[in-house]
Amino acid sequence: MKRGREPAVAQALRSTAAATIAYVVALQLSDESAPLTAPLTALLVVQVTLYATLTTGVRRVNAVVAGVLVAIAFSTLVGLSWWSLGLIILASLVVGRIVRVDEFVPEVAISAMLVLGVTRVTTTAWDRVLETLIGAVVGLLFNFLFVPPVWVATAGESIEDLARRMRRLLLRIAEGLTESIPVEQAAARLHEARQLDHDITEVDAALRQAEDSLRLNPRVREGLLHRVVLRTGLDTLEISTVVLRVLARTLTDLAKERTEEALFPPEVGKALEELLAQIADAVVSFAVLVTTEVSTSAERAEARLSEDLAAATRSRERVARLLLEDVQRRPRHWQLHGALLAEIDRMLDELNMENRSQRLLEELDRASREQLERHPRLGAARQWARRWVRRGPWRGPWRRRRGRTE
């Protein structure tokens with residue numbers, strides 16, 4: 001997880017540097033001997049991603065400034081006591097709603113309490129406002145000059161880790177299909193499959209952070225493509241976890257019906273074990289393909305996924321034939337056999353390369369249309385810039401110079 005720690009370390013260093021710079025600047029501009037409000041504000045403003053800074057920075061600054069003003073007012077009128085602290089918190093929360101800082105309403109009260117704890121001298125009130133503005137400006141400029149790290153690698157690790165957990169569960173489900181499986185064991189596998197919902201939530205949070213780090217980041221090219229690739233990849237894995245949960249439920253129901261006999265005949269059970277193992281490998285190959293950025297590595301990942309899916313498809317045909325023969329001999333549980341085969345088909349369909357490419361193109365078109373609808377002027381400006389680049393008078397001389405160089 002070394003790559004996953006690097007952005008966190010970079011963010012810690014950025015926050016520390018921004019707070020320190022804000023303190024140094026405040027020492028020069030403020031009359032306070034220890035202008036701690038400036039580094040406090042800088043810490044609050046410096047976000048994990050540049051997009052978060054631009055979208056939430058203004059509201060956060062408003063929250064901090066409102067809290068400072070509330071603290072100034074109360075320090076002037078009543079000072080700090082247990083009952084005035086309660087009034088400060090109540091007034092700060094009300095003011096936060098009034099100034100519409102949205103999710104940062106609690107920070108109005110937090111800022112008021114921190115500032116009131118730092119100083120209760122009314123003559124330094126406006127110095128506190130100045131320190132707040134210094135911290136806000138330093139925090140915003142710091143994120144513009146030193147762009148926050150990109151969290152794509154961390155999100156990719158989370159997606160691959162989820163795929164490997166799915167693979168381990170599939171392999172455990174495939175164990176002992178030729179034997180009589182205790183209902184408790186089958187129910188335990190079903191419980192593990194249900195726990196994957198929590199894993200999906202954690203991966204989704206990491207992916208949202210990665211998506212924010214790609215937006216408006218000058219270091220990233222084709223940020224939209226990266227976002228859509230990762231998001232559609234996680235969507236596929238999420239659907240696969242649902243199918244996996246249903247598959248585990250089907251096998252649990254079958255274990256309840258066949259407590260005194262093997263779950264499947266030896267030939268059918270071995271074929272199913274092989275098929276589930278191949279699907280497990282395909283899930284990991286799919287995750288590697290989704291999270292791979294280098295073209296040569298992506299080609300290898302795509303080839304590996306194609307091989308896994310081809311092998312799983314061949315095994316699926318064999319399993320379907322064997323299940324049909326088993327149903328003809330023991331038709332009592334034919335619906336569970338049909339459900340099992342349908343769930344396997346659904347998972348293979350989700351991992352299919354052609355379906356994946358089609359879904360990716362659809363999501364790219366949809367995201368592009370939504371972006372143009374939200375920012376029509378920006379879209380028109382981009383189209384004009386592209387036409388200017390393609391038809392500009394400078395292209396002829398540049399091409400001739402390039403031709404002579406080559």
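Q: A nonpolar core is a set of buried Ala, Val, Leu, Ile, Met, Phe, Trp, Tyr and Cys residues joined through side-chain atoms within 4.5 Å; how many residues does the largest one have here, and which have the most contacts inside it?
A: The largest nonpolar core has 62 residues, and F264 and I279 are the ones with the most contacts inside it. At least two residues of this core come from each of α7 (152-174), α8 (183-214), α9 (223-257), α10, α11 (295-329), α12 and α13 (353-374). Helix α10 gives the largest share, 13 residues.

Q: How do you know what kind of model this is, and which parts of it count?
A: This is a predicted model, in which local features need pLDDT of at least 70 and side-chain atom pairs count only at pLDDT 80 or more, while totals for chains, interfaces and linings use all residues. Residues are numbered from 1 along each chain as its sequence is written, and side-chain values use heavy atoms, with hydrogens and water left out.

Q: How many helices and how many strands are in the chain?
A: The chain has 15 helices and zero strands. Those are DSSP runs, numbered from the N terminus (H or I over at least four residues for a helix, E over at least two for a strand).

Q: What share of the chain counts as buried?
A: Of its 406 residues, 45% count as buried. The cut-offs are under 20% relative accessible area for buried, over 50% for exposed, and partly exposed in between (1.4 Å probe, protein chains only).

Q: What makes L170 buried?
A: Its relative accessible area is 0%, so L170 is buried. L170 sits in helix α7, and beyond its neighbours within four places in sequence, L170 is in contact with L244, L276, I279, A280, V283 and M347. Contact here means heavy atoms within 4.5 Å. Going C-alpha to C-alpha, L170 and Q278 are 9.6 Å apart in space and 108 residues apart in sequence.

Q: Why is S285 called buried?
A: Because its relative accessible area is 7%, S285 is buried. S285 belongs to helix α10, and apart from residues up to four places away in sequence, S285 touches A301, R304, L305 and D308.

Q: Why are M113 and L141 called partly exposed?
A: M113 has a relative accessible area of 33% and L141 has 47%, so both fall in between the under 20% and over 50% limits. M113 is in helix α5 (residues 105-118) and, its neighbours within four places in sequence aside, is in contact with L85 and I89. The C-alpha atoms of M113 and L85 are separated by 7.7 Å, with their positions 28 residues apart along the chain. L141 is in helix α6 (residues 125-145), and its C-alpha atom is separated by 9.3 Å from that of V46, 95 residues apart along the chain.

Q: What makes α10 roughly parallel to α12?
A: Helix α10 (residues 266-291) and helix α12 (residues 334-351) pack at an angle of about 25°, with their axes 10 Å apart. That makes α10 roughly parallel to α12, because angles under 35 degrees count as roughly parallel (over 145 is roughly antiparallel, 65 to 115 roughly perpendicular, the rest oblique). Axes are lines fitted to C-alpha atoms, for helices over the stretch in contact, and angles run from 0 to 180 degrees between N-to-C directions.

Q: Which residues of α10 and α12 meet, and how do they divide into nonpolar, polar and charged?
A: On the α10 side, L272, L275, I279, A282, V283 and F286 meet L340, I344, M347, L348 and L351 in α12. The residues of this contact divide into eleven nonpolar, no polar and no charged. By the rule used, Ala, Val, Leu, Ile, Met, Phe, Trp, Tyr, Cys and Pro count as nonpolar, Asp, Glu, Lys and Arg as charged, and the others, Gly among them, as polar.

Q: Which residues does I279 contact, leaving aside its neighbours within four places in sequence?
A: I279 is in contact with L170, A312, I344, M347 and L348.

Q: Where is P265, and what is P265 in contact with?
A: P265 is in the loop between α9 and α10. Neighbours within four places in sequence aside, P265 is in contact with T178, D326, R329 and R330.
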